[in-house]
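Colleague: Please show me the model, and then let me ask about it one point at a time.

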Amino acid sequence: MSASSCAKSYKFLTRFHEASLLFLVLLLLFWCESVQGKQWKYVGSGYTRSRSGYNNIYVSLYEHENFRGKVYRQPISKECTNLPRAYNDWASSIILHDRCVTLCEYRDCQGPCIDVIPNEKGKKRLSAFGLNDKLSSVKQCNQFF
């Protein structure tokens, strides 16, 4: 085998391996995105899985102060989200889950609204903001943490 044919074979194998590697990387990415019908989303402190593709960004609302009583997880987004009628004017405390959240007294983010920034525990009493049993709508703040 001549030196030129060895060089051609080497170039072919190198290109073949590069293409194979690229194919494997793409296959791995596709598999990670769709493993068992679940999608991976980056949320705050890491990646989470969801069957529906929902991004799992929410706040936990509690019926009573000090995070007691029934709990309701309200999904939040950059757009205003109204609480379901059953949870309108219901919550007394909130866990933010490392999210800055705008809380509003009236539906469609009307009326008095306040941006609530998470502290080291991310737990807040709504009476501290004058929203005890008055919360009707929420949305994400424009601030990042």
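**Surface, fold and core**

Modeller: The accessible surface of the chain comes to about 9,900 Å², and 56% of that belongs to carbon and sulfur atoms; accessible areas come from the Shrake-Rupley method with a 1.4 Å probe, and for residues only the protein chains shown count as cover. This is a predicted model, in which local features need pLDDT of at least 70 and side-chain atom pairs count only at pLDDT 80 or more, while totals for chains, interfaces and linings use all residues. Residues are numbered from 1 along each chain as its sequence is written, and side-chain values use heavy atoms, with hydrogens and water left out.

Colleague: In what order do the elements of the chain run from the N terminus on?

Modeller: Helices (H or I, at least four residues) and strands (E, at least two) are DSSP runs, numbered from the N terminus. The chain has 1 helix and 10 strands. From the N terminus on, the order is α-β-β-β-β-β-β-β-β-β-β.

Colleague: Which elements give two or more residues to the largest nonpolar core?

Modeller: A nonpolar core is a set of buried Ala, Val, Leu, Ile, Met, Phe, Trp, Tyr and Cys residues joined through side-chain atoms within 4.5 Å. Buried means under 20% relative accessible area, exposed over 50%, and partly exposed in between (1.4 Å probe, protein chains only). The largest such core has 17 residues, and V59, L61, I94, V101, L103, L126 and L135 touch the most other members. The elements that give two or more residues to this core are β3 (58-64) and β7 (101-106).

Colleague: Which residue in β6 is the bridge partner of L61?

Modeller: Two strands pair if DSSP finds at least two bridges between them. β3 pairs with β4 (residues 68-75) in the antiparallel sense over 6 bridges, and L61 stands opposite Y72 there. β3 also pairs with β6 (residues 93-95), again in the antiparallel sense, over 3 bridges. In β6, the bridge partner of L61 is I94.

Colleague: Is S92 buried or exposed?

Modeller: S92 lies in the loop between β5 (81-82) and β6. Its relative accessibility is 5%, so S92 counts as buried.

Colleague: How far is S92 from L61 in space?

Modeller: In sequence, S92 and L61 are 31 residues apart. From C-alpha to C-alpha, their distance in space is 7.4 Å.

Colleague: Which side chain makes a polar contact with the side chain of S92?

Modeller: A polar contact is a pair of N or O atoms within 3.5 Å; within protein, one must be able to donate a hydrogen and the other to accept it, and residues adjacent in sequence count only if both atoms are side-chain atoms. A polar atom of the S92 side chain lies 3.1 Å from the backbone oxygen of E63. At 3.3 Å, the side-chain partner of S92 is D133.

Colleague: What is the phi of H97?

Modeller: Most residues other than glycine have a negative phi. H97 lies in the loop between β6 and β7, and is partly exposed because its relative accessibility is 31%. H97 is not a glycine, yet its phi is positive, at about 55°.

Colleague: What relative accessible area does C109 have?

Modeller: C109 is found in the loop between β7 and β8 (110-116). Its phi is also positive, near 55°, in a residue other than glycine. C109 is buried, because its relative accessible area is 16%.
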